[in-house]
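Here are a few notes from my look through this one, mostly about rings and what sits around them. Have the model open while you read.

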Amino acid sequence: MHQPRVISEKLTYFPERKIGQESHGGIAFEGSYEGRSVAIKRLQQANVKLVRKEIESLIKSDEHENIVRYYGVEQDLDFFYIALQRGTCNLDDFVKLCGDENNKDDPKRNLFGDDDIKPLTKHGRPTQFLLTLLSDIVEGVKYLHKLNIIHRNLKPQDILIFKGPGRVRAKISDMAITKLLPHNIYSITNSSTGCDAKDWQPAERLVPGQHISTAVDMFSIGCIFSFCITDGRSHPFDTHDGRELHLNIIENKMDLKFLSHFPEAEDLISKLISNDPKSRPTAADVSIHPMLWKSDTRISFIYQTNIKAREDLNSTFSQALNNINIGIINSNWENILDDLIKKDMQTRIQQRCNYNVSSILDLLRLQRNLFNHNKEKKILYQDWKWAECEDLESYFANTFPRLFIEMYKIIFQYHKQDEDFKKYFDESHNL
């Protein structure tokens with residue numbers, strides 16, 4: 001039996017049960033604080049500045065559900081011991097558990113319930129399960145930035161996954177090298193490259209003397225998103241040339257071909273990993289980007305777009321929609337539809353609901369009609385070849401991958417201030 005080491009009446013830990021290690025010397029162990037099971041991060045007394053910085057950031061951000069809780073700190077002659085909320089595993093491990101059938105025997109799976117390990121992707125697009133976790137990450141970072149805190153070291157190992165209650169949740173951890181920006185100061189000079197996450201950091205963080213801001217964390221989020229939606233297989237700066245990723249980051253050599261089937265992700269991630277920090281979206285921007293929208297939000301957006309287009313079919317806006325290039329030969333979108341949908345279309349044509357199969361507006365109208373009748377058609381669509389899709393909306397997203405993001409861009413250009421569309425572009429609305 002491993003014996004705990006008692007540091008104080010409040011804090012004990014198990015030196016033989018290491019659960020994590022950081023480049024700046026911090027080691028995390030299983031332990032307890034005031035009778036609560038926690039992670040104990042041990043740091044040498046020489047790292048007193050890191051300890052103070054981490055505690056300061058933890059205390060400031062302690063109220064948020066997507067940031068690990070701080071319980072207290074104790075010390076002896078050699079070390080500081082920080083008691084933190086203990087996650088079930090980190091994001092790097094969780095992506096492997098969810099995405100690889102070969103990991104069924106991984107003992108970490110036993111830490112979760114039967115409903116906690118779910119597929120992260122279907123047909124190369126994120127499931128709602130994954131989108132919820134990605135939103136957790138964004139909300140945690142958004143809160144840090146609201147407090148003027150730059151994390152500066154985000155990577156999958158620094159995002160902890162917690163089992164229930166209610167659902168699996170992601171939380172931001174490792175606040176040891178965070179930077180608190182002075183009031184009304186939005187960037188500072190990067191004085192060192194002392195991070196253990198070079199593959200997840202932008203060029204301005206890797207090169208001394210550059211100005212850094214909260215945009216550093218947004219770059220990291222772009223790389224983390226790529227990692228998650230490819231089940232841990234792809235990184236934007238892995239150009240398969242044998243070079244180290246951080247060197248490609250410094251020289252801005254990227255490869256986003258693996259996102260071509262998922263244009264919403266390509267649109268967002270390409271902006272997040274821009275070599276121009278000022279052009280990167282903020283965490284608030286990311287939280288309302290259509291890549292993270294739920295299926296019912298996307299359906300609602302399609303409905304509203306249909307209504308707006310039908311108000312004036314000859315408007316510049318409607319013509320822009322109809323000119324969307326969805327990559328279909330001869331623009332006949334009916335040719336690639338599932339046979340059951342074609343059958344449904346023929347029934348509607350007999351009911352005088354005609355479709356122009358080269359019109360994008362009519363393709364949007366078809367979607368709207370099918371969404372409206374989804375409940376009554378439930379039995380019919382149980383047998384189609386795309387039954388593994390979560391719903392009809394995901395079927396259309398996979399069949400016409402560029403349609404939604406191009407429609408979104410046109411709405412953004414023409415109608416983002418309209419009352420019917422404001423909610424899609426305003427972070428105050430919960431999409």
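The points below cover aromatic contacts, two charge-over-ring contacts and one helix.

1. Before anything else, keep in mind that this is a predicted model. Searching the whole structure turns up 23 aromatic pairs.

2. One pair to pull up is Phe412 with Phe425. Their ring centres are 5.5 Å apart and the planes meet at 65°; over 60 counts as edge-to-face, so that is what this pair is. The contact links distant parts of the chain: Phe412 belongs to helix 15 (residues 403-415), while Phe425 lies in the segment after helix 15, 13 residues apart.

3. How buried or exposed are the two partners? Phe412 has a relative accessible area of 37%, which makes this residue partly exposed. Phe425 comes in at 17% and is buried, because the cut-off for that is under 20%.

4. Both rings also belong to one aromatic cluster, whose other members are Trp293, Phe301, Phe404, Tyr408, Phe421 and Tyr424.

5. Which rings have an arginine sitting over them? Take Tyr71: the charged end of Arg36 sits over its ring, 4.1 Å from the centre. Phe79 has the charged end of Arg42 over its ring, at 4.3 Å from the centre.

6. Finally, have a look at helix 14 (residues 392-399). This helix is mostly covered, with 8 of its 8 residues buried. The buried set includes aromatic Tyr395 and Phe396, but also Glu393, Ser394, Asn398 and Thr399. Leu392 and Ala397 are buried there too.

Conventions:
Residues numbered from 1 in each chain as written. Predicted model: local features only at pLDDT ≥ 70, side-chain atom pairs only at ≥ 80, totals over all residues. Heavy atoms only, no water. Phe/Tyr/Trp six-rings, centres within 6.5 Å; stacked < 30°, edge-to-face > 60°. Helix = DSSP H or I, 4+ residues; strand = E, 2+ residues; numbered from the N terminus. Buried < 20%, exposed > 50% of the residue type's maximum accessible area, 1.4 Å probe, protein only. Lys NZ or Arg CZ within 6 Å of the ring centre and 35° of its normal.
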